[in-house]
Amino acid sequence: MSVQKKYGGELTSDEFRKFTLYTTQSNNQKDDNTRAQILGFTNENVRLAPGAIVRIGENQIGSHSYVGLYSYINGDVTIGQHVLVGPHVSIVASNHLYDPTTDYFSARSDEVKGKVTIEDGVWLTTGVVITPGVTVGRCSLICANSVVTNNVPPYAIMAGSPAKQIGEICKETGKYNWFNKEN
């Protein structure tokens, strides 16, 4: 059954045009918040940018959090408060399993081991990938295009593929302290 049919019938050409513009070009706080509410994320000031696909339970995104343009979030994912998810981020909480009896990967996912938790205050910058089973600690910064395969401690600065800790954020001052960086 098409989404249009399920939720009230076919759209007129003008309605479809407006819908398309709204879902692809209206990246502002009011529209991002409305988009989140329509999709069931009703905590205060949750915002979803155009093109974001979020397939998780209702209200698993904390207040004052933002999911950027064309990001993909799927499965048992919990996002804390004041989290920034940049554009083109992928957070997936399950994996397909190899089945030796058929010699291919199953359509079923391993949902038990896959839960992902993004704690309060985290910033996932552009193109970050969070793999199943990971917890990203409070106020961590994950640099662009990093692939996070292990848990991240609070206030860590992570980069690379796979992501490694390259620094830390001082909780008291907010200063970034870089490891092994020449001054």
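How many bridges join strand E12 to E15, and in which sense do the two strands run? Here are some notes on this predicted model, starting with that question.

1. **The E12–E15 pairing.** Two bridges link strand E12, residues 129-130, to E15, and the two strands run parallel. One residue pair to look up in your viewer is valine 129, whose bridge partner in E15 is valine 147.

2. **The sheet around it.** This pairing belongs to an open sheet of five strands, ordered E2-E4-E7-E12-E15, with parallel pairing. Strands E2 (53-55) and E15 (147-148) stand at the edges; each has a single partner strand, so one side of each is left without a neighbour in the sheet. As a general reminder, strands of a sheet pair through backbone hydrogen bonds, either parallel or antiparallel.

3. **Strand E16 and its two partners.** Here you can look at both senses of pairing. Strand E14 (residues 141-142) pairs with strand E16 (residues 156-160) in the parallel sense over two bridges, and leucine 141 has isoleucine 157 as its bridge partner in E16. With strand E17 (residues 163-169), E16 pairs in the antiparallel sense over five bridges. Methionine 158 stands opposite glutamine 165 in E17. E16 and E17 form a hairpin, with two residues between them.

4. **Aspartate 32.** Is this residue buried or exposed? Aspartate 32 has a relative accessible area of 1%, which is under 20%, so the residue counts as buried. Its place is in helix H3, residues 29-38. Leaving aside residues up to four places away in sequence, aspartate 32 touches Ser26, Asn27, Val46, Arg47, Leu48, Ala49, Pro50 and Tyr66. If you are setting up a view of this site, those are the neighbours to display.

5. **Isoleucine 118.** This residue lies in strand E10, residues 116-118, and counts as buried at 2% relative accessibility. Which residues does isoleucine 118 touch, not counting those up to four places away in sequence? They are Thr78, Ile79, Gly80, Val83, Ile91, Leu124, Ile130 and Val136. For one of these neighbours there is also a backbone distance: the C-alpha atoms of isoleucine 118 and glycine 80 are separated by 5.9 Å, although the two residues are 38 apart along the chain.

6. **A nonpolar patch at the surface.** Leu84, Trp123, Tyr176 and Trp178 make a nonpolar surface patch of about 380 Å². Tyrosine 176 is found in strand E18, which covers residues 176-178. With a relative accessible area of 35%, tyrosine 176 is partly exposed; tryptophan 178 is also partly exposed, at 36% relative accessibility.

7. **Aromatic pairs.** How many aromatic pairs does a search of the whole structure find? The search finds two. Tyrosine 98 and phenylalanine 105 form an edge-to-face pair, at 5.8 Å centre to centre and with 70° between the planes. Tyrosine 98 is partly exposed, with a relative accessible area of 43%, while phenylalanine 105 is exposed at 55%. Back in the patch, the rings of tyrosine 176 and tryptophan 178 have their centres 5.9 Å apart and their planes at 70°, so this pair is edge-to-face.

How values were computed:
Residues numbered from 1 in each chain as written. Predicted model: local features only at pLDDT ≥ 70, side-chain atom pairs only at ≥ 80, totals over all residues. Heavy atoms only, no water. Helix = DSSP H or I, 4+ residues; strand = E, 2+ residues; numbered from the N terminus. Buried < 20%, exposed > 50% of the residue type's maximum accessible area, 1.4 Å probe, protein only. Contact = heavy atoms within 4.5 Å. Pairing = 2+ DSSP bridges. Patch = residues over 30% accessible without salt bridge, like charges linked within 9 Å, V, L, I, M, F, W, Y side chains within 5 Å. Areas by Shrake-Rupley, 256 points an atom, 1.4 Å probe, with all protein chains shown as cover. Salt bridge = Lys/Arg side-chain N within 4 Å of Asp/Glu carboxyl O. Phe/Tyr/Trp six-rings, centres within 6.5 Å; stacked < 30°, edge-to-face > 60°.
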